[in-house]
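Work through the exercises below with the structure in view. Each one gives a task and then a solution in steps.

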Amino acid sequence: MSTPLLEVRNVGKRFGGVIALREVSTVVNAGEVTCVLGDNGAGKSTLIKILAGAHCHDEGEYLVEGEPVRLSSPREALDRGIATVFQDLAVVPLMSVWRNFFLGSEPRVGWGPFSMIDRKKACETTRSALADMGIDLRDVEQPVGTLSGGERQCVAIARAVHFGAKVLILDEPTAALGVKQAGVVLKYVAQARDRGLGVVLITHNPHHAYPVGDRFLLLKRGRSLGCQEKADITLAELTRQMAGGAELEALEHELRQERVVPEPAGALEKKVNNSRLSKERAIS
Ligand SMILES: Nc1ncnc2c1ncn2[C@@H]1O[C@H](COP(=O)(O)OP(=O)(O)OP(=O)(O)O)[C@@H](O)[C@H]1O
Ligand SMILES: [Mg+2]
């Protein structure tokens, strides 16, 4: 077995008195998708920020291609080929697709202070990189804001692939999307994987994770509920664990007991009329 692209061993992170993450271990291999699942506040973003260099871990080990590291900035992570696509920060809506694709790394013509952006080349490169990923955009000059949520995510994914990322981290790329759009994004996640990238996919939704995932790391209140290979877990079991299993059953029971008996028809109308009458009386 070759060395994983990324590996965390019992990593932990505290923010003052709050333990955001504790004893979490997983691996990210080339050509595989590692899914990170968990409810709100489970520690998903904290883990991703450690992987992406935005936070440094307090406990455990973080290894990049077998080498223990302490990343101090996202730039350092990027230099090691770890690209992160954040849900909202992926693109600048008013800028064209090609400007968003390059964002500061545009090809230039000319020399020194007289150089300028090579617009033609930039547009062509963007179009062909998107086409390579199977994304067919009519016009790369159109503002990114005019694209659908799914297409925007795809532009961000294509950008990371084009600039030679080895690891692609996607923070809830399907959260705000409808069923069809989410499907499109998952297709590009699979394409990035098939190109040999290691992908980390964060999601709330086991139905999005299961079809593309190779392993599933479940987090709950900062702790790991285990990291399972796809062969060892079914979609039904993953969904049950995500939903909290026994906790959900207890909640369902509680809700059934607390059900309020609806008032008979006409009762509400009578109440409104009565209150109106008493108000009128008070005024007169
Ligand atoms: N910078 C911070 N300072 C203090 N506490 C933090 C900080 N970042 C995260 N936390 C705490 O760590 C815990 C885990 O937060 P995290 O953002 O990682 O959860 P999450 O799984 O990404 O949740 P969500 O699905 O809502 O995005 C939370 O209790 C949160 O309040
Ligand atoms: Mg989060």
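The exercises that follow treat a predicted model.

**Exercise 1.** Decide whether Val109 is buried or exposed, and find which residues it touches.

Solution. Begin with the location: Val109 belongs to strand 7, residues 108-109. Next, count the C-beta neighbours. Val109 has 12 of them inside 10 Å, and a residue with 12 or fewer is exposed, so Val109 counts as exposed. Then look for contacts, leaving aside residues up to four places away in sequence: Val109 touches Ser115, Met116 and Asp118. Last, take Arg119, which is 10 residues from Val109 along the chain; the two C-alpha atoms are 9.2 Å apart.

**Exercise 2.** Check the span of helix 4 against what is expected, and work out where its buried residues lie.

Solution. Helix 4 covers residues 119-132, which makes 14 residues. At 1.5 Å a residue they should span 20 Å, and because the end C-alpha atoms are 20 Å apart, the two values agree. Now list the buried residues of helix 4: Ala122, Thr126 and Leu130. Down the axis of helix 4 these fall within an arc of 60 degrees, so they line one face of the helix. The general rule is that an α-helix has 3.6 residues a turn, so residues three or four places apart point the same way. On the other side of helix 4, Lys120, Ser128 and Ala131 are exposed. The buried residues of helix 4 pack against helix 3 (97-102), strand 8 (116-117) and helix 5 (149-162). After helix 4 comes Gly134, with a positive phi near 80 degrees.

**Exercise 3.** Describe how the axes of helix 5 and helix 6 are arranged, and which residues make the contact.

Solution. Start from the axes: those of helix 5 and helix 6 (residues 179-194) come within 8 Å and cross at roughly 10 degrees. Angles under 35 degrees count as roughly parallel, and therefore helix 5 and helix 6 are roughly parallel to each other. Helix 5 contributes Gly149, Gly150, Gln153, Cys154, Ile157 and Val161 to the contact, while helix 6 contributes Gln181, Val184, Val185, Tyr188 and Ala192. Sorted by class, the contact has seven nonpolar, four polar and no charged residues.

**Exercise 4.** Find which residues of helix 6 are buried and what covers them.

Solution. The buried residues of helix 6 are Ala182, Val185, Leu186, Tyr188, Val189, Ala192 and Arg193. Viewed down the axis of helix 6, they fall within an arc of 160 degrees, so they line one face of the helix. The face turned away from this buried side carries the exposed residues Lys180 and Asp194. Among the elements covering the buried residues of helix 6 are helix 5, strand 3 (33-38) and strand 9 (167-171).

Methods: Residues numbered from 1 in each chain as written. Chains lettered and ligands numbered in written order. Predicted model: local features only at pLDDT ≥ 70, side-chain atom pairs only at ≥ 80, totals over all residues. Helix = DSSP H or I, 4+ residues; strand = E, 2+ residues; numbered from the N terminus. Buried ≥ 20, exposed ≤ 12 C-beta atoms within 10 Å, placed from the backbone. Contact = placed C-beta atoms within 7 Å. Expected span 1.5 Å × (residues − 1). Arc of directions from axis to C-beta. Axes fitted to C-alpha atoms, helices over the stretch in contact; angles between N-to-C directions. Parallel < 35°, antiparallel > 145°, perpendicular 65-115°, else oblique. Nonpolar A, V, L, I, M, F, W, Y, C, P; charged D, E, K, R; others polar.
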